[in-house]
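Welcome! Please take a moment to turn the model around on your screen before reading on. The report below walks through it step by step.

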Amino acid sequence: MSEVIVVTSGKGGVGKTTTTANIGTGLAKLGKKVVMIDTDTGLRNLDVVLGLENRIVYNLVDVIEGNCRVKQALITDKRCPKLYLLPTAQTRDKSAVTPEQMIKLLDDLKNDPEEFDYIILDCPAGIEQGFQNAIAGADRALVVTTPEVSAIRDADRIVGLLDAHGLKDHEDLIVNRIRMDMVNRGDMMSIEDVNDILQLNVIGAVPDDENIVVATNKGQPLVGDGTMAGQAYMNICHRIIGEEVPFLDLNGKGGFFKKLSSLFKGEKK
Amino acid sequence: MSLLDLFKKKGSGDVAKDRLKLLLVSDRANCSPEVMEMIKNDIIKVISKYMVIDAEGLDIQITSTESDSNNGSVPALFANIPIKDIRNSDK
């Protein structure tokens, strides 16, 4: 039976689509069969972040309206054979889909003979219809936030709505775009601060890494490569499938002398 | 707060954390400004039965307060009600 995970945040621009692309790809790299669904109808972007924008024939709204079978709309990623994308329509709006239709579609995918392990939904910003559609059939939520007041306030609101939807205790937090230089000089909230405020299990922390921009430029998710963000995303994937992985030291570079000096000081990482 | 803290400049990260903690308490309480206004008017009505208060200067807000149980802090309704005259009631 597949697990349906919604990636949501309330606020726009905190990294939902990037997170979805990297976690979907990461889980597939770990051998899981994954379908990613873009639910941001009218403002789709998951396709372009994954570099699959030229492969779209049918979309989510076509499936919902019965213009094609779900299998026809699924795009396979040639670089990653266990990964599938169901893009949404660009020329329609959120009202083209209802929560009931989403639940029906997810049931069909769950019962598909292909036996997908994970169905990951990229949720649009906001708390309106698009959000309601995305959370309707979810078993679990990943709430993405950044260490900023606006993103954290919106994340708290989203958690309230997810709780009311029956997802309490099935929510995990991803703290994105952390800049340790700013945290260290006291000008950015730390992961601990964010956890203290939101009281939600932190499943991962991702540094503000310029490689993310490079990866998006190319349309190649960086999960699992040598970059800090790539490692952080891969760690999140391991935790999603239930493995325990220690948190990455985001203080970065981790050069020889730094490691040596922290060894002498007996610093706890 | 220790004496040392007084001299240490507070980073903007701590400012953000403190602001958020207060903000989320009132967000979570789901109190619209209209509801707050109704609570305020009811408080004025009740207290006015016993003493003369400065209705203009009355200030109420939802904050959090330290508590021994429940993880340290619980939401609290804070009211600052200036009294103009403690009359012994005219009953």
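Which residues does A:Val34 touch, not counting residues up to four places away in sequence? Keep in mind while looking that this is a predicted model.

## Starting from one residue

A:Val34 touches A:Gly24, A:Leu27 and A:Ala28, then A:Lys82, A:Leu83 and A:Tyr84, and finally A:Phe116, A:Asp117, A:Tyr118 and A:Ile120, leaving aside residues up to four places away in sequence. A:Val34 also belongs to the largest nonpolar core, which has 82 residues. Along with A:Val35, A:Ile119 and A:Leu121, A:Val34 is among the residues with the most contacts inside that core. The largest share of the core, 8 residues, is supplied by helix α11 of chain A, residues 228–240.

## A covered strand in chain A

Let's follow the chain onward from A:Val34. Strand β2 of chain A covers residues 34–38, and 5 of its 5 residues are buried. Both of its faces are covered: A:Val34, A:Met36 and A:Asp38 lie on one side, while A:Val35 and A:Ile37 lie on the other.

Two strands of chain A pair with β2(A). One is β4 (residues 80–86), joined to β2(A) in the parallel sense over 4 bridges. The other is β5 (residues 118–122), which also runs parallel to β2(A), with 5 bridges between them. A:Met36 is a handy place to see both pairings: its bridge partner in β4(A) is A:Leu85, and in β5(A) it stands opposite A:Ile120.

## The helix that gives most to the core

Now back to α11(A). This helix has 13 residues and reaches 19 Å from its first C-alpha to its last, close to the 18 Å expected at 1.5 Å a residue. How many of its residues are buried? The count is 10 of 13, so that the helix is mostly covered. The buried ones are A:Met228, A:Ala229, A:Gly230, A:Ala232, A:Tyr233, A:Met234, A:Asn235, A:Ile236, A:Cys237 and A:Ile240.

What covers these buried residues includes two helices, α1 (16–29) and α10 (210–218), and two strands, β7 (171–178) and β8 (202–207), of chain A. After α11(A) comes A:Gly242, whose phi is positive, near 95 degrees.

## Chain A as a whole

Stepping back, chain A has 12 helices and 8 strands. Of its 269 residues, 48% count as buried. Among its contacts between residues at least 6 apart in sequence, 76% join residues at least 24 apart.

The C-alpha trace of chain A spans about 65 × 40 × 30 Å along its principal axes. Its radius of gyration is 19 Å, which agrees with the value near 18 Å that a compact globule of 269 residues would have.

## Chain B and the contact

Chain B has 91 residues, of which 2% count as buried. Its 3 helices and 4 strands run α-α-α-β-β-β-β from the N terminus on. Among contacts in chain B between residues at least 6 apart in sequence, 49% join residues at least 24 apart. Helix α2 of chain B, residues 12–28, has 17 residues and reaches 24 Å from its first C-alpha to its last, close to the 24 Å expected at 1.5 Å a residue. B:Asn30 follows α2(B), with a positive phi near 55 degrees.

Where the two chains meet, the contact takes 13 residues from chain B and 14 residues from chain A. On the chain B side, these residues divide into 6 charged, 4 nonpolar and 3 polar.

How values were computed. Residues are numbered from 1 along each chain as its sequence is written. Chains are lettered from A and ligands numbered from 1 in the order in which they are written. This is a predicted model: local features need pLDDT of at least 70, side-chain atom pairs count only at pLDDT 80 or more; totals for chains, interfaces and linings use all residues. A nonpolar core is a set of buried Ala, Val, Leu, Ile, Met, Phe, Trp, Tyr and Cys residues joined through C-beta atoms within 7 Å. A residue is buried if 20 or more other C-beta atoms lie within 10 Å of its own, exposed if 12 or fewer, and partly exposed in between; C-beta atoms are placed from the backbone. Two residues are in contact if their C-beta atoms, placed from the backbone, lie within 7 Å. The expected span of a helix is 1.5 Å times one less than its number of residues. Ala, Val, Leu, Ile, Met, Phe, Trp, Tyr, Cys and Pro count as nonpolar, Asp, Glu, Lys and Arg as charged, and the others, Gly among them, as polar. The radius of gyration is taken over C-alpha atoms; the globule rule is 2.2 Å times the number of residues to the power 0.38. Two strands pair if DSSP finds at least two bridges between them.
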